[in-house]
Amino acid sequence: TLSMFEWWHWIVLGLCLSIAELAVPAFFIIWFGIGAIGVGLLLLIFPAVFVVLVGPAIIQIHESLSSP
C-alpha cells in the first residue's frame, strides 16, 4: 500500500522519473518527479503528513469512484 512508502522511496522515485524525462520527447514526466521529491521531503520533515493530508484524499477518491 501507499502508506508503506518511506520518505526515501519517494525521493528515489522522483529521481528516477526525472532521469526518465531524458528518454521522453515531451516535457511532462519531470513534474511527476518534482512532485515525488516534494512528497519525500514533506515526509522527511513531517512524517505524519501522509496520514493527515493524503489519507483522507484517497478515501474521498475511493468513495466517489465506488458510488453510483
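Val12 has its place in helix 1, and in this predicted model the residue counts as partly exposed because its relative accessibility is 41%. Val12 also belongs to a nonpolar patch on the surface, where it is joined by Trp7, Trp8, Leu41, Leu42, Leu44, Ile45 and Phe46, and the members together have about 780 Å² of accessible area. Two helices, helix 1 (7-20) and helix 2 (29-45), each supply at least two residues of this patch, and helix 2 gives the most, with four residues.

The loop between helix 1 and helix 2 holds Glu21. In contrast to the partly exposed Val12, Glu21 counts as buried, because its relative accessibility of 10% falls under the 20% cut-off used for that class. A polar atom of the Glu21 side chain lies 2.9 Å from the backbone nitrogen of Ile29, and Ile29 also appears among the residues in contact with Glu21 once neighbours within four places in sequence are left aside; the others in that list are Ala26, Phe27, Phe28 and Ile30.

One of these contacts of Glu21, Phe27, leads on to the aromatic residues. The structure holds one aromatic pair. Its rings belong to Phe27 and Trp31, and the pair is edge-to-face because the planes stand at 85 degrees, with the ring centres 5.7 Å apart. Both partners, Phe27 and Trp31, are exposed, whereas Glu21, with which Phe27 is in contact, is buried.

The table sets side by side the two residues for which a relative accessibility is quoted here.

| Residue | Place | Relative accessibility | Class |
|---|---|---|---|
| Val12 | helix 1 | 41% | partly exposed |
| Glu21 | loop between helix 1 and helix 2 | 10% | buried |

For the chain as a whole, there are three helices and zero strands, and the elements run α-α-α from the N terminus on. The chain has 68 residues, of which 18% count as buried, and Glu21 is classed as buried. The accessible surface of the chain comes to about 5,200 Å², and 81% of that area belongs to carbon and sulfur atoms; the nonpolar patch described above has about 780 Å² of accessible area. As for the contacts between residues at least 6 apart in sequence, 44% of them join residues at least 24 apart.

Definitions and conventions:
Residues numbered from 1 in each chain as written. Predicted model: local features only at pLDDT ≥ 70, side-chain atom pairs only at ≥ 80, totals over all residues. Heavy atoms only, no water. Patch = residues over 30% accessible without salt bridge, like charges linked within 9 Å, V, L, I, M, F, W, Y side chains within 5 Å. Areas by Shrake-Rupley, 256 points an atom, 1.4 Å probe, with all protein chains shown as cover. Salt bridge = Lys/Arg side-chain N within 4 Å of Asp/Glu carboxyl O. Buried < 20%, exposed > 50% of the residue type's maximum accessible area, 1.4 Å probe, protein only. Polar contact = N/O pair within 3.5 Å; in protein donor to acceptor, adjacent residues only side chain to side chain. Contact = heavy atoms within 4.5 Å. Phe/Tyr/Trp six-rings, centres within 6.5 Å; stacked < 30°, edge-to-face > 60°.
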